Amino acid sequence: MSFTTRPELTGTFGMVTSTHWLASAAGMKMLEAGGNAFDAAVAAGMVLTVVEPHLNGLLGDMPALVWPAGTDAPVMICGQGTAPAAATVAHYRAEGLDLIPGSGLLATVIPGAFDAWMVMLRDHGQMELRDVLAPAIHYAGAGHPILARAAGVIADHADLFRKEWPSSARVWLPGDAPPPPGGLFRNPDLAATLTRFCDEGAGPASREARIDAARRAFYSGFVAEAIDDYLRDACVMDGTGQRRRGVLTGADMAAWQATTEPALAGEYHGWRVWKGGFWTQGPALLQCLNILRHTGIEATGPREAEFLHLVVEAMKLGFADREAYYGDPLHAAIPGERLLSDSYAGERAALIGPWASLEQRPGRVPGLEHLADAFVARAARATPKGTGAGGGEPTMAHLHPSEGDTVHLDVVDRWGNMVSATPSGGWLQSNPVIPGLGVPLNSRAQMFWLDEGLPTTLAPGRRPRTTLTPSMARAPDGTRLAFGTPGGDSQDQWQLILLLHLVHHGMSLQESIDAPLVLSGHLQSSFYPRAADPGALLAEPGFDPGTIQTLRARGHRVTEAEPWSLGRLTAAAQGPDGILRAAATPRLMQAYAVGR
């Protein structure tokens with residue numbers, strides 16, 4: 001085993017790994033108190049909304065894969081809210097928009113994360129809501145040492161908050177000044193909001209009924225009322241630099257709830273891999289694995305140019321199909337069977353040559369060729385990066401201290417219960433704070449298009465095709481794995497590389513996470529202003545200079561990233577012998593795995 005930045009944890013009791021050490025510790029506290037992986041995940045997830053407010057929030061979104069012990073496969077809890085009833089293309093076009101802004105009130109959908117957490121706790125957990133929320137309430141009320149990057153985001157947006165979003169200034173600028181990095185930061189309004197969920201559930205007799213009471217308080221009670229009251233009159237600056245009103249109402253929230261659905265599964269070299277449905281980008285990872293099965297990638301080394309070339313070219317093909325064909329299967333016909341078929345993968349793999357492709361090449365699905373043509377046309381008019389007030393998702397490659405991404409957590413307990421969850425949205429820079437709640441709305445609607453006739457066209461009741469994409473897998477020996485990363489469009493790029501390291505290179509979890517990563521800029525961004533940079537490839541230091549030279553000779557436009565700047569992968573596993581393992585990235589120096 002090679003040197004790693006930190007030990008891969010092993011034990012038999014439980015493992016919690018997340019993008020912030022306080023969240024991991026809070027999850028472990030639940031396991032120590034007799035809770036299971038689902039209790040631990042909810043506790044950790046709620047803490048993440050407090051300590052990483054620039055990367056996720058209470059009014060955000062969350063898909064979560066849950067794998068109860070003794071079951072054959074995980075299921076997906078969908079915490080991705082839908083577009084409001086008044087969110088029509090005609091209305092947005094009448095507002096002078098060609099693209100949905102990356103921030104502001106028109107960028108929001110129904111908040112979905114909270115209900116997903118509550119469904120997980122009610123249906124799979126065993127602890128009381130008050131106990132699970134206690135760590136988050138503590139860190140919101142008593143304070144936590146604010147991350148330097150969170151403080152940086154606040155400082156970068158301080159003038160916007162003061163001039164345009166005064167409700168945000170009251171929360172994020174205590175004493176009318178950005179908090180100092182590492183200083184104790186409190187959000188008493190958020191502490192009161194979380195406490196009220198517990199108080200609203202104090203009456204009912206059963207644990208499940210108390211959780212449902214908190215859900216009602218959110219979606220038809222005081223949270224929905226606060227959002228409805230604010231949005232009735234608010235007209236605030238958005239990511240285009242214009243002031244606009246929103247369309248979300250309390251009635252929209254009351255009509256929505258999180259759902260549970262089967263996860264999509266794929267096979268690769270004896271492994272079984274599970275991802276979210278086509279309303280996520282998750283199937284793109286399954287498509288990439290299918291393509292790579294036809295390339296001979298198993299004969300390449302992890303730092304060889306050929307390995308990286310095959311991975312990047314497969315991603316270009318898989319993600320082109322994502323842009324052309326993915327969307328909410330409840331509202332559009334998605335050719336999923338064709339996209340995930342082995343015959344189709346073989347056709348796609350044949351397109352990979354010795355040189356880097358600079359084209360966007362979605363497949364030609366019979367009867368849906370117009371969707372491929374529409375994507376190619378959209379990509380041709382992709383605009384340069386530049387996100388305006390508040391910005392889109394600040395996706396990962398941390399070349400500036402205020403940039404961020406999302407959050408992630410993985411949990412496995414001694415019984416074999418597992419969770420992989422990727423909460424996001426409701427970033428402090430995405431929207432003004434809702435007065436009294438201490439948190440802002442999400443901006444996930446920016447993933448819709450305002451072009452008619454697409455699977456991702458804005459429509460009432462439709463889920464945006466999200467980038468959030470947790471993962472689970474089972475190895476040939478029966479080892480079960482939960483893994484994921486923040487990073488917007490980058491998430492399945494890095495998860496694909498991690499999985500290939502495990503399957504083909506015999507790496508441990510920590511070795512695969514520590515290994516240098518690449519990031520393709522070729523893919524069209526899911527975030528405003530929907531930029532693309534054909535052929536661009538960002539590579540961390542750690543690859544041999546000859547590898548980089550070969551990639552450039554083959555047409556990849558390689559730029560060297562700052563050291564340890566790509567990816568925030570975490571992973572947790574259970575072996576067939578019952579031994580548990582966990583690992584977390586050293587990047588950003590805040591993710592941690594804990595366990596015993």
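In this predicted model, the charged end of Arg378 sits over the ring of Trp449, at 4.7 Å from the ring centre. A second arginine does much the same kind of thing elsewhere: the charged end of Arg596 sits over the ring of Phe13, and here the distance to the centre is 3.8 Å.

Rings also meet other rings. A pair of aromatic rings is described by how far apart the centres are and by the angle of the planes. With centres within 6.5 Å as the rule for a pair, the count comes to ten aromatic pairs. Take Phe197 and Phe222: the ring centres are 5.4 Å apart and the planes make an angle of 45 degrees, so this pair goes down as tilted. Phe197 belongs to helix 9 (residues 188-200), whereas Phe222 belongs to helix 11 (residues 222-233), so the pair ties together parts that lie 25 residues apart in sequence. As for accessibility, Phe197 is buried, at a relative accessible area of 0%, and Phe222 is buried too, at 10%.

Phe218 and Tyr219 make up another tilted pair, with 4.4 Å from centre to centre and 45 degrees between the planes. Phe218 counts as buried, with 0% relative accessibility, and Tyr219 likewise counts as buried, with 5%.

How do these pairs fit into a wider picture? Phe197, Phe222, Phe218 and Tyr219 turn up together with Phe114 and Trp256 in one aromatic cluster. Within that cluster, then, sit both the pair that links helix 9 with helix 11 and the tilted pair of Phe218 and Tyr219.

Terms used: Residues are numbered from 1 along each chain as its sequence is written. This is a predicted model: local features need pLDDT of at least 70, side-chain atom pairs count only at pLDDT 80 or more; totals for chains, interfaces and linings use all residues. Side-chain values use heavy atoms; hydrogens and water are left out. Rings of Phe, Tyr and Trp (its six-membered ring) pair if their centres lie within 6.5 Å; planes under 30 degrees apart count as stacked, over 60 as edge-to-face and the rest as tilted. Helices (H or I, at least four residues) and strands (E, at least two) are DSSP runs, numbered from the N terminus. Buried means under 20% relative accessible area, exposed over 50%, partly exposed in between (1.4 Å probe, protein chains only). A charge sits over a ring if NZ of Lys or CZ of Arg is within 6 Å of the ring centre and within 35 degrees of the ring normal.
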